Amino acid sequence: MILTVTKYGNPVLRQKGARIETVTDEINKLIDDMFETMRSARGVGLAAQQIGKALQLAVIDVRGITDRPSSLELNGTSSDVEAFMPLVLINPEIKPLNDPIAGPEGCLSFPEMYADILRPESVEVRALNRNGEQFVFRCGGLLARAVQHEADHLNGILFIDRMSKADKEDLKPNLEDLQAETKAALKK
Ligand code: ZN
């Protein structure tokens with residue numbers, strides 16, 4: 001089922017997600033719906049807050065994106081990114097492995113807004129998969145950026161919080177319009 005993507009101005013986007021202790025049938029259904037919603041919106045990642053649930057749950061799929069490469073390391077061995085997708089992250093913990101670099105980002109909760117964001121180029125990720133098992137991986141490039149963007153969502157942090165002042169200033173009229181539109185729609 002395709003769900004409605006929450007937009008900037010919806011307070012759920014600022015809520016820290018609750019940890020998931022058990023992957024219930026309900027959570028499994030939510031994961032399927034999040035993938036379907038993300039794909040229909042042509043996104044590479046989606047956090048639970050973006051479908052209105054404050055949970056530590058995100059989905060990612062970077063398959064088919066060739067202009068922005070990703071890298072993956074499992075148990076110290078370079079691994080196939082495509083075969084690792086689609087990716088479910090429950091209660092993820094992110095450890096930066098190097099210095100931040102700038103790269104372009106958008107967000108399904110901010111339609112048609114883009115900016116360069118500074119983030120570590122590669123990270124180590126520890127999370128639960130949809131079977132409730134813990135797994136660890138290291139990733140770089142687009143996948144690392146997507147993981148960090150989604151992990152931010154799970155803590156109520158949005159990409160506008162990490163934008164340069166100048167970029168945020170440029171987007172200010174659009175941000176104010178979107179926020180007002182979202183708040184008006186929520187009152188109905
Ligand atoms: Zn986002």
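**Entry 1: Q56**

I began with the side chain of Q56: one of its polar atoms lies 3.1 Å from the backbone oxygen of L154. I am working from a predicted model, so I write every value down as computed. Where does Q56 sit? I found Q56 in the loop between β1 (45-47) and β2 (57-60). I checked its accessibility next: Q56 has 6% relative accessibility and counts as buried. Then I listed its contacts, leaving aside neighbours within four places in sequence. They include K16, G17, A18, R19 and I20. L89, I90, N91 and P92 are also in contact with Q56. L154 appears on that list too, and so does N155.

**Entry 2: the zinc ion**

I turned to the metal. Which protein atoms are the donors of the zinc ion? I noted SG of C107, NE2 of H149 and NE2 of H153. These atoms lie 2.0 to 2.2 Å from the zinc ion. Along the chain I read the donor spacing as C-x41-H-x3-H. C107 lies in strand β6 (residues 100-107), and H149 lies in helix α3 (residues 141-154). The pair therefore ties together parts that are 42 residues apart in sequence. Are these two donors buried or exposed? C107 is buried, with a relative accessible area of 9%. H149 also counts as buried, at 7% relative accessibility.

**Entry 3: cysteines**

With C107 noted, I looked for disulfides. The count comes to 0. I checked C139 in particular, and C139 is in no disulfide. Its nearest cysteine sulfur belongs to C107, 18 Å away. For a disulfide, the two sulfur atoms would have to be within 2.5 Å. C139 counts as buried, at 3% relative accessibility.

**Entry 4: the nonpolar cores**

Next I looked at the packing. The largest nonpolar core has 19 residues. Which of them touch the most other members? I wrote down I60, L87, L89, F137 and L143. Several elements give two or more residues to this core: α2 (81-84), β5 (87-96), β8 (122-128), β9 (134-140) and α3. The largest share, 5 residues, comes from α3.

I picked F137 for a closer look. Leaving aside neighbours within four places in sequence, F137 is in contact with L72, E73, L74, F84 and L87, among others. Its list also includes L89, V123, E124, V125 and V147. Apart from this core lies another, of 18 residues. M34, M38, L57 and V88 are among its members.

**Entry 5: D33 and K29**

I moved on to helix α1 (residues 25-40), where D33 has its place. How accessible is D33? At 5% relative accessibility, D33 counts as buried. Leaving aside neighbours within four places in sequence, D33 is in contact with M1 and L3. I also took its distance to L175: the two are 142 residues apart in sequence and 27 Å apart in space, C-alpha to C-alpha.

D33 has a charged partner. K29 forms a salt bridge with D33, and the closest N and O atoms are 2.9 Å apart. K29 and D33 are 4 residues apart in helix α1, so about one helical turn separates them. K29 is partly exposed, with a relative accessible area of 44%, whereas D33 is buried.

**Entry 6: other salt bridges**

How many salt bridges does the structure hold? I noted 11. I followed two further pairs.

R39 and D61 meet through their side chains in a salt bridge, at 2.9 Å from N to O. This pair links distant parts of the chain, 22 residues apart. R39 is in helix α1, and D61 is in the loop between β2 and β3 (70-74). R39 counts as partly exposed, at 43% relative accessibility. D61 is buried, with a relative accessible area of 8%.

E105 and R145 form a salt bridge as well, at 2.8 Å from N to O. E105 lies in strand β6 and R145 in helix α3, so the pair ties together parts that are 40 residues apart in sequence. Both residues are buried. I then asked which residues are linked in a network of salt bridges. They are E105, R119, R145, D152 and R162.

**Entry 7: looking back**

I marked two pairs that tie strand β6 to helix α3. One is C107 with H149, both donors of the zinc ion. The other is E105 with R145, the salt bridge.

Definitions and conventions. Residues are numbered from 1 along each chain as its sequence is written. This is a predicted model: local features need pLDDT of at least 70, side-chain atom pairs count only at pLDDT 80 or more; totals for chains, interfaces and linings use all residues. Side-chain values use heavy atoms; hydrogens and water are left out. Buried means under 20% relative accessible area, exposed over 50%, partly exposed in between (1.4 Å probe, protein chains only). A polar contact is a pair of N or O atoms within 3.5 Å; within protein, one must be able to donate a hydrogen and the other to accept it, and residues adjacent in sequence count only if both atoms are side-chain atoms. Contact means heavy atoms within 4.5 Å. Donors are N, O and S atoms within 2.8 Å of the metal (3.2 Å for Na, K and Ca); water is not among the atoms, so sites may look incomplete. A nonpolar core is a set of buried Ala, Val, Leu, Ile, Met, Phe, Trp, Tyr and Cys residues joined through side-chain atoms within 4.5 Å. A salt bridge is a side-chain nitrogen of Lys or Arg within 4 Å of a carboxyl oxygen of Asp or Glu.
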